[in-house]
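Biologist: Hello! I am new to this structure and would like a friendly tour, please.
Modeller: Gladly; let us look together.

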Amino acid sequence: MNKQVIFMIVTLIIGFMLAIQFQSTKEPVVRDTRDIRELRKELRAEQDRHQQLSQEIDKYATLIAQYETSLSDHKENVETVMEEQIENLRKEAGLTEVSGEGVILTIEPLYHDQFFGHQRHSVSPVLLRFLVNELNFNGAEEIAIGNQRIISTTAFREVNGVTRVNNRRLPPLPIEIKVLTNDAQKLHNEMVVSESVEYFEIDNLKLTSTPINYIELPAFDDTPRVRYMEQVKED
């Protein structure tokens, strides 16, 4: 290989490296523009998710240990463990009544008819979805809007100007939302200064929170329907 070929190869390599360097300096540096409040909120959400996953792992590890102990003891013990697990699953799915400490949120008109000419008779599905998400983020365990228990498949829809939850028409204002939580006072404090209060005021609605030592939530009174799910067949 003569010197001209070597010189040409080296020149191509240097040119290629310079082109890469020029392209990298040409591209703008993407900076994280989130403020400290948003970063803390995201960190808190990740910490809560990590805690939930840890609790799930501990729960299923305990369940496996119960099954192993039952299998080594007696058949009736296996049936007892399975019945307890089924009941726990029914409770987690919202198919049983639950009670405990929590808060009661009340939705009512912010102003009267003489100021705005009419009174809103229903809360929009968008507001309800936002409120439920904010409650879950702040530690809500179970939620019931009016007499409707909120589960994972609950739908918020508007039909002819009237909001329906679980395909049931919401009662007229004022509406009570019952929420179970492990720390009622903490959830109450969070909801007093929540964004939901501001969003409801924009819609001429007033959202108030009251901590309660003992409340009861009804069970989901319909058949849960899950779409787009298939049974997994064993090999």
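Biologist: Is Phe130 buried, exposed or partly exposed?
Modeller: First, a word on the source: this is a predicted model, where local features need pLDDT of at least 70 and side-chain atom pairs count only at pLDDT 80 or more, while totals for chains, interfaces and linings use all residues. Residues are numbered from 1 along each chain as its sequence is written, and side-chain values use heavy atoms, with hydrogens and water left out. Buried means under 20% relative accessible area, exposed means over 50%, and partly exposed lies in between (1.4 Å probe, protein chains only). Phe130 has a relative accessible area of 28%, so the term for Phe130 is partly exposed.

Biologist: Which kind of aromatic pair do Phe130 and Tyr199 make?
Modeller: Rings of Phe, Tyr and Trp (its six-membered ring) pair if their centres lie within 6.5 Å; planes under 30 degrees apart count as stacked, over 60 as edge-to-face and the rest as tilted. The count by this rule is one aromatic pair. The ring centres of Phe130 and Tyr199 are 4.8 Å apart and the planes stand at 75 degrees, so the pair is edge-to-face.

Biologist: Which helices does the pair link?
Modeller: Helices (H or I, at least four residues) and strands (E, at least two) are DSSP runs, numbered from the N terminus. The two residues are 69 residues apart, so the pair links distant parts of the chain: Phe130 sits in helix H5 (residues 125-137) and Tyr199 in helix H7.

Biologist: What span should H5 have, and how far apart are its end C-alpha atoms?
Modeller: The expected span of a helix is 1.5 Å times one less than its number of residues. For the 13 residues of H5 that gives 18 Å, which agrees with the distance between its end C-alpha atoms, 18 Å.

Biologist: In what order do the five strands of the open sheet lie?
Modeller: Two strands pair if DSSP finds at least two bridges between them. The pairing in this sheet is antiparallel; for example, six bridges join strand S1 (residues 98-109) to strand S7 (residues 175-181), and S2 and S7 pair over five bridges. At the edges, strand S3 (148-150) and strand S8 (205-217) each pair on one side only. The order is S3-S2-S7-S1-S8.

Biologist: Helix H6 lies across which strands?
Modeller: Axes are lines fitted to C-alpha atoms, for helices over the stretch in contact (heavy atoms within 4.5 Å), and angles run from 0 to 180 degrees between N-to-C directions. Helix H6 (residues 184-192) runs at about 175 degrees to S8. The strands that H6 lies across are S1, S7 and S8.

Biologist: Is strand S2 (residues 140-145) largely enclosed or not, and how many of its residues are buried?
Modeller: Ile143 has its place in S2 and, at 4% relative accessibility, counts as buried. Strand S2 is largely enclosed by the rest of the structure, because the buried residues number five of the six.

Biologist: Which residue stands opposite Ile143 in S3?
Modeller: Three bridges join S2 to S3, which run antiparallel. The two strands form a hairpin with two residues between them, and Gly146 in the turn has a positive phi of about 65 degrees. Opposite Ile143 in S3 stands Ile150.

Biologist: What distance separates the C-alpha atoms of Ile143 and Ile177?
Modeller: Leaving aside neighbours within four places in sequence, the contacts of Ile143 include Val132, Leu135, Ile177 and Leu217. Ile143 and Ile177 are 34 residues apart along the chain, and their C-alpha atoms are separated by 7.1 Å.
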